[in-house]
Amino acid sequence: MPIAPNSPRIRLLIQELDCSGSINMATDECLLETALAHDISTVRIYGWDQATVSLGYFQPPDDPDRMLRFGQLPTVRRLSGGGAILHHFEITYSIALGSSHPLAIEPGRLYQLAHEAINTELASLRLPTRLRGSDLKDGPEPFLCFSRGDKNDLVFGSAKIVGSAQRRRRGAVLQHGSLILRSSPHASEIRGIMDLAPNCLIPNDFRDRLGNAIAQRLGNSIESTELTDAELSRVNELIESRYSHLNWGRPSTAIVS
């Protein structure tokens, strides 16, 4: 259900073509800029074309854990905080809210609604997931986000399968999160839903279903769309200025219109 009868229009951008970390993070930042400048809210669903580490905004790139375990993998820095994520076999979502959206001032509820939407779609596949409900902290926090425990996590049994993070900028909000489908050979201790429920089949239209489920909780009117020409140009600018210097591995390719 939408959050309120007068909820604003939501753009829905579902990207079937997986992209590099530089493109993905530049696109999320561009959507935050669009939300800030034009008060336009967007839900985006996407994936990654290779195993990639995204560092939380405050994590140093020379962290010993990264250098030891993931030093040869492409690496980008997210706008959001928290621990590093090894993106590989997953579906990722992002939400960029303009300042007039009711949830722009309720960041905790935005986590809850997004994770509840994912939980509902997984339940339709007979996957019993739930919100963790309490924080798990015991000593120093691990390098990887999915080795940490937050009350907003979506878990399967005790395994974290969805984690999210936010960045707020002058009233606008960016939230993005990962749904782990299966483990990566680079971090085999982090299991996905296909490891935990090996008989589960993820339908081909699951990205569409997930995007619509999240968007329906944020607004009454949903418009499926693509990036505008101006946004495509801005993504390319951000790749060059902000998201190319950390990216070891295969070179990033800028988006072209």
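Author: Contact here means heavy atoms within 4.5 Å. Keep that in mind as we walk through this model, which is a predicted one.

Reader: Okay, let's try it. Which residues does Arg148 touch, leaving out those up to four places away in sequence?

Author: Quite a list: Gln59, Gly82, Gly83, Arg132, Glu141, Pro142, Phe143, Asp153 and Lys160. Arg148 itself sits in the loop between strand S7 (129-131) and strand S8 (154-156). One of those neighbours deserves a second look, since the side chain of Arg148 reaches the backbone oxygen of Pro142 at 2.7 Å.

Reader: Asp153 and Lys160 are on that list too. What joins the side chains of Lys160 and Asp153?

Author: A salt bridge, with 3.4 Å from N to O. To read one, look for a side-chain nitrogen of Lys or Arg within 4 Å of a carboxyl oxygen of Asp or Glu.

Reader: And are Lys160 and Asp153 buried or exposed?

Author: The cut-off for buried is under 20% relative accessible area. Lys160 has 8%, so Lys160 counts as buried. Asp153 has 3%, so Asp153 is buried as well.

Reader: Now strands. How do S8 and S9 run relative to each other, and how many bridges join them?

Author: They run antiparallel, joined by 3 bridges. For one pairing you can find in the viewer, Phe156 stands opposite Ala159 in S9. The hairpin of S8 and S9 has 2 residues between the strands, and Gly157 takes a positive phi there, near 65°.

Reader: What does S9 do with strand S10?

Author: S9 and S10 (residues 172-180) also pair in the antiparallel sense, over 8 bridges. Ser164 stands opposite Gly177 in S10. This hairpin, too, has 2 residues between its strands, and Arg170 takes a positive phi near 50° in it.

Reader: Why is strand S9 described as largely enclosed?

Author: Count its buried residues. Of the 11 residues in S9 (residues 159-169), 9 are buried, so the rest of the structure largely encloses this strand.

Reader: How do I read the whole sheet? In what order do the strands come?

Author: First, a general idea: in a regular strand the side chains alternate between the two faces of the sheet. Here, 8 strands make an open sheet with mixed pairing, ordered S7-S8-S9-S10-S6-S2-S1-S11. S7 and strand S11 (222-224) are the edge strands, each pairing on one side only. From one strand to the next, the twist averages 20°.

Reader: The pairing is mixed, so where can I see a parallel pair?

Author: Look at strand S1 (residues 10-14) and S11, which pair in the parallel sense over 3 bridges. Leu12 has Ser224 in S11 as its bridge partner.

Reader: Which strands of the sheet does helix H3 touch?

Author: H3 (residues 107-123) packs on the sheet and touches strand S6 (90-97), S7, S8, S9 and S10. The direction of H3 makes about 145° with that of S9.

Reader: What about the greasy parts?

Author: In soluble globular proteins, nonpolar side chains tend to be buried together. In this model the largest nonpolar core has 37 residues, and Ile95, Ile118, Leu122, Leu179, Ile214 and Leu218 have the most contacts inside it. H3 gives the most to this core, with 6 residues. Take Leu122: among the residues it touches are Leu127, Leu154, Ile161 and Phe206. There's also a second, separate core of 22 residues, including Cys19, Leu31, Leu79 and Ile239.

Reader: Back to charges. How many salt bridges are there in the whole structure?

Author: A search finds 13. In one of them, Glu231 meets Arg11, with the closest N and O atoms 2.9 Å apart. Glu231 is in helix H6 (residues 229-241) and Arg11 is in strand S1, so this pair ties together parts 220 residues apart in sequence. Glu231 counts as buried at 5% relative accessibility, and Arg11 counts as buried at 6%.

Reader: Where do Arg242 and Glu29 lie in the chain?

Author: Arg242 is in the segment after H6 and Glu29 is in helix H1 (residues 21-38), 213 residues apart. They form a salt bridge, with the closest N and O atoms 2.9 Å apart. Arg242 counts as partly exposed at 37% relative accessibility, whereas Glu29 is buried at 1%.

Reader: Which residue is linked in a network with Glu29 and Arg242?

Author: Arg169: salt bridges link Glu29, Arg169 and Arg242 in a network.

Conventions:
Residues are numbered from 1 along each chain as its sequence is written. This is a predicted model: local features need pLDDT of at least 70, side-chain atom pairs count only at pLDDT 80 or more; totals for chains, interfaces and linings use all residues. Side-chain values use heavy atoms; hydrogens and water are left out. Helices (H or I, at least four residues) and strands (E, at least two) are DSSP runs, numbered from the N terminus. A polar contact is a pair of N or O atoms within 3.5 Å; within protein, one must be able to donate a hydrogen and the other to accept it, and residues adjacent in sequence count only if both atoms are side-chain atoms. Buried means under 20% relative accessible area, exposed over 50%, partly exposed in between (1.4 Å probe, protein chains only). Two strands pair if DSSP finds at least two bridges between them. Axes are lines fitted to C-alpha atoms, for helices over the stretch in contact, and angles run from 0 to 180 degrees between N-to-C directions. A nonpolar core is a set of buried Ala, Val, Leu, Ile, Met, Phe, Trp, Tyr and Cys residues joined through side-chain atoms within 4.5 Å.
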